[in-house]
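Biologist: I'm new to this one and would like a close look at a single part of it. Could you walk me through it slowly, and then show me how that part sits in the rest?

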Amino acid sequence: MAKKTPGLNTGSMADISFLLLTFFLLTSSINTDQGIQRRLPPPLQENQEVPKINQRNVLRILVNMHDQLLVNGEVLSDVRQLRSITKEFIENPTNDPHRSEKQAKYIDDLGENAMVSKGVVSLQNDRGTSYAMYIAVQNQLTMAFNELRDEYSQQRFGKPYEKISENQKKGVQKIYPISISEAEPSNYGGKK
Amino acid sequence: MGRFKKEGKKVVPDLNMGSMSDIIFMFLFFFMVITTMRESSLFVVIKVPKATEVQKLEKKALVSSINIGKPNQNYIKKLGPEPRIQLNDQFSEFTDIIEFVEAEKQRRNEVDRTMITWSLKVDEKVKMGIVTDVKQELRKASAFKVNYATSKVITK
């Protein structure tokens with residue numbers, strides 16, 4: 001009589017494959033796109049008049065081909081200072097005549113008047129500026145606007161910006177719009 | 001007592017667990033295949049810059065990507081190290097962008113056409129010149145909603 005081979009215990013096999021399954025479930029991220037969102041302006045019309053903006057309402061940021069920053073004529077060594085500079089420029093808590101003007105405006109989403117800054121951030125880069133630097137600048141600017149919105153919402157509603165209702169968000173967005181104007185790039189870097 | 005006397009030993013039959021592992025393995029393979037899937041293979045090398053103020057794009061179906069970066073190893077000999085634009089599955093020039101935008105708009109419902117987000121996936125070493133040119137073309141094609149793809153870092 002042939003010797004009967006003992007059956008393998010396959011019960012734990014399921015556990016092992018479960019382990020593998022959970023590992024892949026956790027480590028996999030069906031890569032979602034994320035990034036900094038912006039709205040491009042429509043193309044310029046031929047005979048469009050450039051709106052006149054008072055000098056004090058413009059924060060001029062220049063980035064050259066060596067990724068160096070010039071903000072309102074002053075060299076800035078660290079990008080990370082840009083956030084506070086932008087915030088101070090838009091907020092202008094001391095009503096400094098060199099920083100942006102504010103104007104009372106009726107915000108219909110909130111049903112009240114609010115002081116809205118006329119400030120515009122003008123950003124100009126060179127064709128030779130690196131994309132990493134451009135994103136770093138954009139990130140700082142976004143951070144500044146996000147913090148302004150957050151502070152306002154904290155003060156007005158007692159909640160962070162993330163937690164307020166959609167309508168309130170719309171209102172806050174109107175008080176602190178992301179006003180960044182990008183000039184056509186310079187071309188000191190030489191070749192196109 | 002006799003009423004409750006057990007009539008012989010009834011044993012619940014064991015479930016056969018042998019096929020369980022097959023089912024789980026099937027799941028496993030499914031997830032393994034899913035995770036490596038990409039919409040289109042990239043011909044350019046892209047390492048997106050890092051940022052902290054990152055927003056997630058909501059509707060994946062309404063995102064079209066424009067890739068800019070150096071050609072990868074298979075193409076760098078033929079095309080050189082200059083950054084190139086990849087639209088869908090081919091290398092493209094600036095002039096192709098308007099056409100690409102139109103084609104992508106045609107693919108969507110009429111209602112959704114203005115809602116498309118154009119995700120610029122650009123390598124961090126690329127110079128702004130090429131990015132600006134692409135942006136100008138997008139403006140001409142009235143594709144205004146732009147997303148600069150970045151990876152998220154938490155530290156400031």
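Which residues of helix α2 (residues 82-91) of chain A are buried?

Modeller: Before anything else, keep in mind that this is a predicted model. In α2 of chain A, the buried residues are A:Leu82, A:Arg83, A:Thr86, A:Phe89, A:Ile90 and A:Glu91. If you're wondering about the spacing, an α-helix has 3.6 residues a turn, so residues three or four places apart point the same way.

Now for what surrounds the helix. The buried residues of α2(A) pack against the strands β2 (58-63), β4 (74-76), β6 (112-117) and β7 (120-125), and against α3, all of chain A. Right after the helix comes A:Asn92, with a positive phi, near 45°.

Some of those packing partners belong to a sheet, so to speak of the neighbourhood we should look there next. It's an open sheet of five strands in chain A, in the order β4-β3-β2-β7-β8, and the pairing is mixed. β4 and β8 (180-182) of chain A stand at the edges with a single partner strand each, so one side of each has no neighbour in the sheet. On average, neighbouring strands here are turned by 25° against each other, ignoring direction. Take β2(A) and β7(A), two strands that α2(A) packs against: they run parallel and are joined by six bridges. In that pair, A:Leu59 stands opposite A:Val121 of β7(A).

Step back, and chain A has four helices and eight strands. Starting at the N terminus, its elements run α-β-β-β-β-α-β-β-β-α-α-β. Its radius of gyration is 26 Å, well over the 16 Å that the globule rule gives for 192 residues, so chain A is more spread out than a compact globule. The C-alpha trace spans about 105 × 55 × 35 Å along its principal axes. Of the 192 residues, 25% count as buried.

Finally, there's the partner chain. In chain A, 40 residues are in contact with 45 residues of chain B. On the chain A side, α1 (11-27), β1 (34-39) and α3 (131-157) are the elements that give two or more residues; α3 of chain A is also among the elements that the buried residues of α2(A) pack against. By class, that side has 18 nonpolar, 16 polar and six charged residues. Strands pair across the two chains as well: β1(A) and β8 (residues 145-149) of chain B run antiparallel, joined by five bridges. There, A:Arg39 stands opposite B:Lys145.

Conventions:
Residues are numbered from 1 along each chain as its sequence is written. Chains are lettered from A and ligands numbered from 1 in the order in which they are written. This is a predicted model: local features need pLDDT of at least 70, side-chain atom pairs count only at pLDDT 80 or more; totals for chains, interfaces and linings use all residues. Two residues are in contact if their C-beta atoms, placed from the backbone, lie within 7 Å. Ala, Val, Leu, Ile, Met, Phe, Trp, Tyr, Cys and Pro count as nonpolar, Asp, Glu, Lys and Arg as charged, and the others, Gly among them, as polar. Two strands pair if DSSP finds at least two bridges between them. The radius of gyration is taken over C-alpha atoms; the globule rule is 2.2 Å times the number of residues to the power 0.38. A residue is buried if 20 or more other C-beta atoms lie within 10 Å of its own, exposed if 12 or fewer, and partly exposed in between; C-beta atoms are placed from the backbone. Axes are lines fitted to C-alpha atoms, for helices over the stretch in contact, and angles run from 0 to 180 degrees between N-to-C directions.
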